[in-house]
Amino acid sequence: MHSASAEKRGLRILPLLFSIGLLLLLFAGSYHYFQYFIDPDGVNYLTIARRYATGDYLRAVNGLWSPFSPWLIALAMRQGIDPVTAAHFINLGAAVFALCGMFFLFRRFRVPDKIVNAFMLVLPVFLLYSIYKQLFDDLWQVGFLLFYLLLLLSKDFLHRWWKWILCGVLITMAFYAKTYSFYFALLHLPVTVFLLSKKENRRFKKSIGLLVMVAVVFLMLVSPWLNLMHEKYGSWTISNAGALNTSWSLKGHKTLKDGMTYLVPPSYPDGPSNMEDPSINEGYLNTFLNNFPGSVIKQIGRSGYAVVQGIYVTSEISILMLGIIVATAIFIFFKKDQRLFDDDHKVLLWASLIMPLGYFMLHFEARYIWLLAYVSLIFASVWLAAFRDYINNRRAFNIVLAMVVFSYIAYPVYDLKNLFRNGEREYQLSEQIKALHLNGAFTSNSDPDIESIVAYRTGMPYYTIEFAPPSEKELLQEIRKYNIKYYFYYVKPYDAVSVQMKNEQGNPFPEVTGGKIEGLKIFLIDDR
């Protein structure tokens, strides 16, 4: 009897083992072609990881970029592992973690095996795309929040103090993975406790102790971070990200400190660019109180655009996802017949409604709401099971199941084509520049996102041209002001073959590549 039960449990976990194995195979087979891509945020995370690895802790503490991934990469770097390689494999670990969370969520809601198997077949493709698309933090956030949701839905959550402590730990880990998780849990946890209390006919006041316990655990675990943030920035805050993004959104651009006009230096002399910690060079932060009521009007416009943007980016997850969530919300909130959905589904629904709220203030990217992809799979499973019972036609059900399942990988597969060998050119370019044995800072006429990657790979500080100088004379003055040694000029199709950069006397600066790097001229800005 015991042996039969164990065998049954083993069979029930086979889809997870198969899915993990498939993900590992896909990663092993694709890594060679995607290993060079570093997303624009990645340069900053990698630089912060280097600072942790080398003991430069105060500069490593950062109010914009979350620390969890840099901590893990720093540990790998101390073992002599290449940081970009470490980032990929650590993100693979995050994908496996999230995959486990999703599988156990399927089991928690008793999703029929056929539907589970179908989703577990395609989730490795979605996760493979996630690994390469965003190397840092977002997948860890999804994983921690999935296990947070599982914990809330576990038996006797309201009555087990050790589960409250674990809840505080999971929220903390999700916070360290991505700061936004704190604001999400701040709203979602009380709503969930209210729903669970109502389900058990328990007065909400009796669960206040739970919320206090979670808050105490969270504060205990984040207090070292809060102290470090206070030491560095001089204010008690968990993050600078919201203030910086709100200010840039309202102003439409960065505001530079006095004395800065066109070029922005890197945050630190040995850093790749200003975006490592932009608060250092930021002039002032705009808020709703500045330029009132103009700032409010701008925010309304920005939020309206964010709504449209949010609707669009949901299609990058699945063309059906938004419809699935909206249909579920309508059914739960407005239908008296609740045979399809129960109170546990409400916990997931509120998660899907709360998660996007903060981004309506700024802007959307699909990765910001990846959690909704996993939550919507539970809702989709309910609708699919109901359709199966209603139609009673295996072939029709299989067609609809395939349509829903593959809708979650249609865009990821398409975008993987865009990521194929992406970043390889920048890697090769950086290797060619390193072969020249250049030493010093540079600025460039190219895209700052690309040049920050070149700066990271070459170890050369990069000064961003934030506002284009009106003439070459003003550009040269800026270069002189910061003692920038090199100007990287990427040749345009309409440029003359002998394009040159000249000094104040009209004499050309030395060009150091000797024509060895196609499409790039590097001018040595020597003394007058």
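Helix H8 (residues 138-152) and helix H10 (residues 180-199) have axes that come within 12 Å and cross at roughly 15°. That makes H8 roughly parallel to H10, a label for angles under 35 degrees (over 145 is roughly antiparallel, 65 to 115 roughly perpendicular, the rest oblique). The model is predicted: local features need pLDDT of at least 70, side-chain atom pairs count only at pLDDT 80 or more, and totals for chains, interfaces and linings use all residues. Residues are numbered from 1 along each chain as its sequence is written, and side-chain values use heavy atoms, with hydrogens and water left out.

**Helix pair H8 and H10**

- The crossing of the two helices, H8 and H10, is right-handed (the near helix is turned clockwise from the far one by less than a right angle; anticlockwise would be left-handed).
- The H8 side of the contact consists of Gln 141, Leu 145, Tyr 148, Leu 149 and Leu 152; contact means heavy atoms within 4.5 Å.
- On the H10 side, the residues met include Tyr 180, Phe 184, His 188, Leu 189 and Leu 196.
- Axes are lines fitted to C-alpha atoms, over the stretch in contact for helices, with angles from 0 to 180 degrees between N-to-C directions.
- Helices (H or I, at least four residues) and strands (E, at least two) are DSSP runs, numbered from the N terminus.

**Aromatic rings**

- The model holds 46 aromatic pairs, counted when ring centres of Phe, Tyr or Trp (its six-membered ring) lie within 6.5 Å (planes under 30 degrees apart are stacked, over 60 edge-to-face, the rest tilted).
- Phe 360 and Phe 364 have ring centres 5.0 Å apart and planes at 65°, so this pair is edge-to-face.
- Phe 364 is buried at 4% relative accessibility, while Phe 360 is partly exposed at 28% (buried is under 20% relative accessible area, exposed over 50%, partly exposed in between, with a 1.4 Å probe and protein chains only).
- One aromatic cluster includes Tyr 52, Trp 71, Phe 175, Tyr 183 and Trp 225.
- Arg 108 lies over the face of Phe 109, 5.7 Å from the ring centre (the rule asks for NZ of Lys or CZ of Arg within 6 Å of the centre and within 35 degrees of the ring normal).

**Positive phi outside glycine**

- Asp 156 is not a glycine, yet has a positive phi of about 60°.
- Asp 156 sits in the loop between H8 and helix H9 (161-177), and is partly exposed at 27% relative accessibility.
- His 437 also has a positive phi, near 60°.
- The loop between helix H19 (424-435) and strand E2 (442-444) holds His 437, which is exposed with a relative accessible area of 69%.
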